[in-house]
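Open the model in your viewer and keep the sequence panel beside it. The tour goes from one selection to the next and says what is there at each stop.

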Amino acid sequence: MAPPTADTDQQVNRGHKTTKTGRGGREKKKLLKSQKDGSAKDRHNPRAFSVANIVRTQRNVQRNLDRAQKKEYVPLSDRRAARVEEGPPSLLAVVGPPGVGKSTLIRSLVKLYTNHNLTNPTGPITVCTSQTKRITFLECPNTPTAMLDVAKIADLVLLCVDAKFGFEMETFEFLNMMQTHGFPKVMGIFTHLDQFRTQKELAKDKEVAQTSILDGDL
């Protein structure tokens, strides 16, 4: 086999066919002629790459920058209907002897705020009274330990009293506990008012209640 020569070492490619006729050929001839004469001009049109509406372009640029900036932060969304809570809910305790109407009062308050009926309210019940306010209803059991705990943590106490029967021993015990542990806000609620036959009997019972507890402070 013969050794390769110098002509076969280099690959010779076929050149492109130059345009000699038509519009491309005429433009090529004019360009070569102007380059030889030194009269060739750099064709630069500044408006060729401009925008049609500058204000719209500025808004789009700013919008893209804002979207890119938002992607750098993790959005923290509130899962509870975007409400901003101001701390824990207020604790509203319902205190009273058995059979005075504590469960009926809690069911009525829940119906007022949520429009739902509860058959047997057990345990703490938290309802939303507004967009930023919550209230927890708690029925206090008729035991000394439970009344002691409620006297310490309650924000508002609804003290239920059977208007027909009067004050019972459990009511006085709870009042003594509240005096020892800060005495939160207390609202007295008289129940079973439908058992009074006349308004005179009801007014007399109210007067006795006002003068018998803490010199009318209740």
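## Stop 1: a pair of strands

Select residues 156-162, which are strand 4, together with residues 185-191, which are strand 5: the two pair in the parallel sense over seven bridges. Keep in mind throughout that this is a predicted model.

To see the pairing residue by residue, pick Val157, whose bridge partner in strand 5 is Val186. Then pick Leu158, which stands opposite Met187 in strand 5.

Now add residues 169-180, which form helix 6. Strand 4, helix 6 and strand 5 together make a right-handed β-α-β unit.

## Stop 2: the other neighbour of strand 4

Select residues 90-95, strand 1. Strand 1 and strand 4 run parallel and are joined by four bridges. One position to click is Leu92, which has Leu156 of strand 4 as its bridge partner.

Why is strand 4 described as largely enclosed by the rest of the structure? Six of its seven residues are buried, so strand 4 earns that description. As a general point, side chains in a regular strand alternate between the two faces of the sheet.

Next, select Asp162, which has its place in strand 4. Is Asp162 buried or exposed? Its relative accessible area is 15%, and the cut-off for buried is under 20%, so Asp162 counts as buried. Show the residues around Asp162: apart from neighbours within four places in sequence, Asp162 is in contact with Val100, Thr191 and His192.

## Stop 3: a cavity

Turn on a cavity display if your viewer has one. In general, rolling a probe the size of a water molecule over the atoms shows where empty space is left. How many cavities of 30 Å³ or more does a search of the whole structure find? The search finds one. The largest cavity holds about 50 Å³ of space.

To locate the largest cavity, select its lining: Val95, Gly96, Pro97, Cys140, Pro141, Asn142, Met147, Leu159, Glu170, Thr171 and Phe174. Colour the lining by type, and you get seven nonpolar residues, three polar and one charged. Helix 6 gives the largest share of this lining, with three residues.

## Stop 4: two loop residues

Select Thr18, in the loop between helix 1 (6-9) and helix 2 (22-37). Thr18 counts as exposed because its relative accessibility is 54%, the cut-off for exposed being over 50%. Add Lys28, which is 10 residues from Thr18 along the chain, and draw a distance between the two C-alpha atoms: they are separated by 9.6 Å.

Move on to Asn115, found in the loop between helix 4 (102-114) and strand 2 (125-128). Asn115 is not a glycine, yet its phi is positive, at about 60 degrees. With 57% relative accessibility, Asn115 counts as exposed.

## Stop 5: the whole chain

Clear the selection and show everything as a cartoon. The protein has seven helices and five strands. Trace the cartoon along the sequence and the pattern reads α-α-α-β-α-β-β-α-β-α-β-α.

Two totals describe the whole. Of the 218 residues in the protein, 22% are buried. Among contacts with a separation of 6 or more, 66% come from residues 24 or more positions apart.

Key: Residues are numbered from 1 along each chain as its sequence is written. This is a predicted model: local features need pLDDT of at least 70, side-chain atom pairs count only at pLDDT 80 or more; totals for chains, interfaces and linings use all residues. Side-chain values use heavy atoms; hydrogens and water are left out. Buried means under 20% relative accessible area, exposed over 50%, partly exposed in between (1.4 Å probe, protein chains only). Two strands pair if DSSP finds at least two bridges between them. A crossover is right-handed if, with the strands pointing away from the viewer, the path from the first strand over the helix to the second runs clockwise. On a 1 Å grid over the protein atoms alone, a cavity is a set of points where a 1.4 Å probe fits but cannot get out, and a pocket is an open set with protein on both sides within 12 Å along at least five of seven lines; lining residues have an atom within 4 Å of a point. Grid points are joined across faces, edges and corners, and a volume is the space filled by probe spheres set on the points. Ala, Val, Leu, Ile, Met, Phe, Trp, Tyr, Cys and Pro count as nonpolar, Asp, Glu, Lys and Arg as charged, and the others, Gly among them, as polar. Contact means heavy atoms within 4.5 Å.
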